[in-house]
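Biologist: I've got a new model on my screen and would like to walk through it with you. Could you show it first, and then take my questions one by one?

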Amino acid sequence: MAETDRKVLAICMTAAFVFWLILNLSQEYSIRRDVTLEYVVDPERVLVGRMPETLEADVSGPGWNLVWESLVPGPLPVTIDIRNRDNLRLTNAELRQKVQRRLSSGALAVDNLGFESVTILTTPKEGKRVPVLSEISLAFANGFMAVDLPVLEPDSVTVSGSTDVLEDVTYWPTEALELKNVNSSVRRIVSLAKPGEGLTLSRNEINYSLAVEAFIQKIIEVPVTVVHAPEVGSYSITPSSISLRVSVPQTDYESINASNFRLVADLENLRNEDGRNSVPIILQEQPDEVISVFFETRSVEYYLIKE
């Protein structure tokens, strides 16, 4: 084919395509669009019940207009303003008109909105202060442990909403969070669980802190104190002191000693085992910082000495 013929053919094909495109895009078509509803109420009021938040609608019109409409990203946002009103009767026709105003062209029409007329009610907003409940679980690394309870700042939050909804709110949880292999103190910002429809929180985050330390074992020799001993004669116990293997936080290692413990042998609990008078040992006092205590022996032997 000659060069001139190829150019003529290309021009003809281009013209045919343009006429075909004009012809087809001049016809009526329909696309499906998502619609989101946002309700604007007075600051001192709150919606009653759950209102529709997302809808789907058919948008129809000439192809040229639908091409531009389809290029608009995201759903169509529609605002329902009920400020300075206690209730609003929203009909399908009114909502369809609001959606149509959000379209890119007046040549487009909205249909099949899937919305029934509804009365939107509001009620005065109330506030209720409730404690924050931690939903944080921790798994400590070997040799580490929390030395105190976690601290939440603030430890309570104000929940606002209608009176009937607030009746069932007794606490507010944090978002569920799992921390693994914890080997140092934890300090972080934690989000609160998101409120449901009709509820708002005075804050969305709190500060969470937990003191974590390495713990080590320490052997302490603690004397045994005898109680309810007989008033006649003298006696002895064997052994007179017990070795305790205690686990303590590293920072308290030097401060904890035998004087912080009290071991008691109560002779009222005296029992005879194989001809021996055995008395169980009771741990009556120990420091709060101690994580665990292991006894070298759990009893002593009692002997009455005849004079």
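Biologist: Let's start with one residue: what is the relative accessible area of Asn112?

Modeller: Ground rules first: this is a predicted model, so local features need pLDDT of at least 70 and side-chain atom pairs count only at pLDDT 80 or more, while totals for chains, interfaces and linings use all residues. Residues are numbered from 1 along each chain as its sequence is written, and side-chain values use heavy atoms, with hydrogens and water left out. Buried means under 20% relative accessible area, exposed means over 50%, and partly exposed is in between (1.4 Å probe, protein chains only). Asn112 falls in the partly exposed class, and its relative accessible area is 46%.

Biologist: And what is phi of Asn112?

Modeller: Asn112 sits in the loop between strand E6 (109-111) and strand E7 (118-124); strands (E, at least two residues) and helices (H or I, at least four) are DSSP runs, numbered from the N terminus. Most residues other than glycine have a negative phi. Asn112 isn't a glycine, yet its phi is positive, about 50°.

Biologist: Asn181 has a positive phi too. Which element holds Asn181?

Modeller: Phi of Asn181 is near 55°, again in a residue other than glycine. Asn181 counts as exposed, at 54% relative accessibility. As for the element, Asn181 is found in strand E14 (residues 177-182), so the name you want is E14.

Biologist: Which residue does a cis peptide bond join to Glu153?

Modeller: Most peptide bonds are trans. Here omega is about -5°, and the partner of Glu153 in this cis bond is Pro154.

Biologist: Where is Pro154 found?

Modeller: Pro154 isn't part of a strand run; its place is in a loop. That loop runs between strand E11 (151-153) and strand E12 (156-161).

Biologist: What about the bond from Thr238 to Pro239: cis or trans?

Modeller: Pro239 is in the loop between strand E19 (234-238) and strand E20 (241-249). With omega near -5°, the bond from Thr238 to Pro239 is cis.

Biologist: On to charges. How many salt bridges does the structure hold?

Modeller: I count a salt bridge when a side-chain nitrogen of Lys or Arg is within 4 Å of a carboxyl oxygen of Asp or Glu. One of them pairs Asp81 with Arg83, at 2.8 Å from N to O. Both ends are partly exposed, Asp81 at 37% and Arg83 at 42%. The number of salt bridges in the structure is three.

Biologist: How many residues apart are Glu56 and Arg32?

Modeller: Glu56 forms a salt bridge with Arg32, with the closest N and O atoms 3.4 Å apart. The pair links distant parts of the chain, as Glu56 is in strand E3 (residues 54-62) and Arg32 is in strand E1 (residues 28-40), and the separation is 24 residues.

Biologist: Which residues are linked in a network with Arg32?

Modeller: Arg32, itself partly exposed at 43%, also meets Asp58 in a salt bridge of 2.7 Å, N to O. Asp58 in strand E3 is 26 residues from Arg32 in strand E1. The two acids differ in exposure: Asp58 is buried at 19%, whereas Glu56 is partly exposed at 40%. The residues linked with Arg32 in the salt-bridge network are Glu56 and Asp58.

Biologist: Now the largest pocket: which strand gives the most to the lining?

Modeller: On a 1 Å grid over the protein atoms alone, a pocket is an open set of points with protein on both sides within 12 Å along at least five of seven lines, and lining residues have an atom within 4 Å of a point. The lining includes Tyr39, Arg45, Lys125, Glu197 and Thr200. With three residues, the top contributor is strand E2 (residues 45-47).

Biologist: How much space lies in the largest pocket?

Modeller: Grid points are joined across faces, edges and corners, and a volume is the space filled by probe spheres set on the points. For the largest pocket that comes to about 170 Å³.

Biologist: Last one: how many bridges join E18 to E20?

Modeller: Two strands pair if DSSP finds at least two bridges between them. E18 (residues 212-227) pairs antiparallel with E10 (residues 144-146) over three bridges, and runs parallel to E21 (residues 262-266) with four. E18 and E20 run antiparallel, with Ile219 opposite Arg245. The number of bridges joining E18 to E20 is nine.

Terms used
1 Å grid on protein atoms, 1.4 Å probe; cavity = no way out; pocket = protein on both sides within 12 Å on 5 of 7 lines; lining within 4 Å.
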